[in-house]
Amino acid sequence: METQKQKKPLEGIKVIELANYVAAPIVGRMCADLGAQVIKIEGRGGDAWRSTSANHTKTQFDENPLFDIFNVGKKSVSLNMKTEQGKEVFFKLLEDADILITNTRQQSLVKLGVDYDSLKNRFPRLIYATVTGYGYEGPDCNAPGFDNIAFWSRPGFSADMAIDAAGSYPVNSRYAMGDAISGTALFGSVMTALYQREKTGKGDFVTMSLYNAGIWIMGGCIVMAEKPYCHEYPEKRNFGIAMNLAYKCADGEWVRCTVFEFERYSPKFFSALGVTEEMARLGITNMQIMMDRAEELVPIYEQCFLKKTSDEWLKIFADLDIVCGRLNHFKDVLEDEQAWANGYLQKYRCTNGAERVLTTCPVRLGSQGPLTLGEAVMYGANNRDVLEELGYSGAQVDEMMKNGTLG
């Protein structure tokens, strides 16, 4: 007997995405993976991330995995919101929508008449979700924000997570990592509001700023910087538990152990490195002493790790039940059996048919298994079917294409 297909948890939920770049669209991507109908509204010219991402991969828009990773599974409508007819279509889309996601700046939303205060009474069940750079209050509430500044730089990560050593530079962010973290956090808030609405019948205003998300993620570091702790950043190479730092191996790769129980694991660690007698002579008898004398110990351990390859060290420490891992490169993840076994990576096809790899939504439900990827979508690809579902005739859609309401 054929088993009935498991219904996805957000089937029947309609999401309108008036957003570009990454932080807000990632909420739509996660909703789409979970079964929601997500309609992406792209202004004339399309989401700016389409061209930015294609420039990085040096491809055309029909092979654009850096865009698709945040947008598969959606429908695209190329709607000009600056026309009265465009706004009319937008309001029709909202009539039965459950969630609106936007990262459009507040001044523009107010000018268009689609800010939360303008819509909340007209669509009382709508969950209105926004991403800003710095929040709605304070001197920078209207400042534009990208994750490399609002998420990584202003909360302290870029400068203070560098190593205090000659030739060290601030850490660089890449390809919207902070946006992805912020959007994932906003997704949780949107789901909370959706759950609340099921009990109260009322929508809500849900917001996340890149700066807020950055402060939250770096919270432990920020707490350690306050008085009386006054932890100094950036840290030196030899700061901390010497056993737990990263060390370069004979093959040029790096490994890192994690040991917090000194009495249980340090004898094994010292034996593996062949420094048992030297550690005894130096009086390294507890974790605090090891931390206080890291400047002496790190050079010793550095020379030891250079005697074997990373694979050799990984086996040695695995046999000793000491947690150890290689500092992988991004390309290594693509070949990682563990990632494929759990569905953290999946293959998909670009619009031009090329097979590529995307990362999957980090939500796991026992009833679902790994969520499957939706299809890539081109700019305005769903203009006709979405508008005809709203009741517009084919002739009316054609006219909107001619008069600039649709791109």
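The buried residues of helix H12 pack against strand S8 (254–258), helix H13 (276–282), helix H14 (287–292), helix H15 and helix H16 (310–319). Here, buried means under 20% relative accessible area, exposed means over 50%, and partly exposed lies in between (1.4 Å probe, protein chains only). Contact, the basis of such packing, means heavy atoms within 4.5 Å. Helices (H or I, at least four residues) and strands (E, at least two) are DSSP runs, numbered from the N terminus.

The structure is a predicted model, in which local features need pLDDT of at least 70 and side-chain atom pairs count only at pLDDT 80 or more, while totals for chains, interfaces and linings use all residues. Residues are numbered from 1 along each chain as its sequence is written, and side-chain values use heavy atoms, with hydrogens and water left out.

A wider view helps to place these elements. The chain holds 20 helices and 11 strands, and its C-alpha trace spans about 85 × 60 × 45 Å along the principal axes. Of its 407 residues, 43% are buried. Among the contacts with a separation of 6 or more, 68% are between residues 24 or more positions apart.

Helix H12 itself is a good place to begin a closer look. With 12 residues, H12 reaches 15 Å from its first C-alpha to its last, close to the 16 Å expected at 1.5 Å a residue; the expected span is 1.5 Å times one less than the number of residues. Its buried residues are Phe262, Tyr265, Ser266, Phe269, Phe270, Ala272 and Leu273. They cover an arc of only 155° around the axis, which puts them on the same side of H12. The arc is that of the directions from the helix axis to the C-beta atoms. An α-helix has 3.6 residues a turn, so residues three or four places apart point the same way. Just after H12 comes glycine 274, with a positive phi near 75°.

The pairing of H12 with H15 can be described in more detail. The axes of H12 (residues 262–273) and H15 (residues 294–305) come within 10 Å and cross at roughly 55°. That makes H12 oblique to H15. Axes are lines fitted to C-alpha atoms, for helices over the stretch in contact, and angles run from 0 to 180 degrees between N-to-C directions. Angles under 35 degrees count as roughly parallel, over 145 as roughly antiparallel, 65 to 115 as roughly perpendicular and the rest as oblique. On the H12 side, the contact is made by Phe269, Phe270 and Leu273, and on the H15 side by Tyr301, Cys304 and Phe305. By class, this contact has 6 nonpolar, no polar and no charged residues. In this scheme Ala, Val, Leu, Ile, Met, Phe, Trp, Tyr, Cys and Pro count as nonpolar, Asp, Glu, Lys and Arg as charged, and the others, Gly among them, as polar.

The loop between H15 and H16 contains lysine 307, which counts as exposed at 65% relative accessibility. The C-alpha atom of lysine 307 is separated by 5.7 Å from that of alanine 250, although the two are 57 residues apart along the chain. Past H16, the loop leading to strand S9 (323–326) holds aspartate 321. Aspartate 321 has a positive phi near 60° in a residue other than glycine, and is partly exposed, with a relative accessible area of 49%.

The loop between helix H11 (219–225) and strand S7 (246–248) includes proline 228, and also proline 234. A cis peptide bond joins lysine 227 and proline 228, with omega about 5°, and the bond from tyrosine 233 to proline 234 is cis too, with omega near -10°. Cysteine 230 lies in this loop between H11 and S7. Its phi is positive, near 50°, in a residue other than glycine, and cysteine 230 is partly exposed at 43% relative accessible area.

Two further loops complete the tour. Asparagine 64 sits between helix H2 (48–57) and helix H3 (65–68) and is buried, with a relative accessible area of 1%. Not counting residues up to four places away in sequence, asparagine 64 touches Arg50, Ser53, Ala54, Thr57, Thr59, Tyr348 and Cys350. Arginine 122, in the loop between helix H6 (116–119) and strand S5 (127–132), counts as exposed at 51% relative accessibility. The C-alpha atoms of arginine 122 and glutamate 95 are separated by 8.9 Å, with their positions 27 residues apart along the chain.
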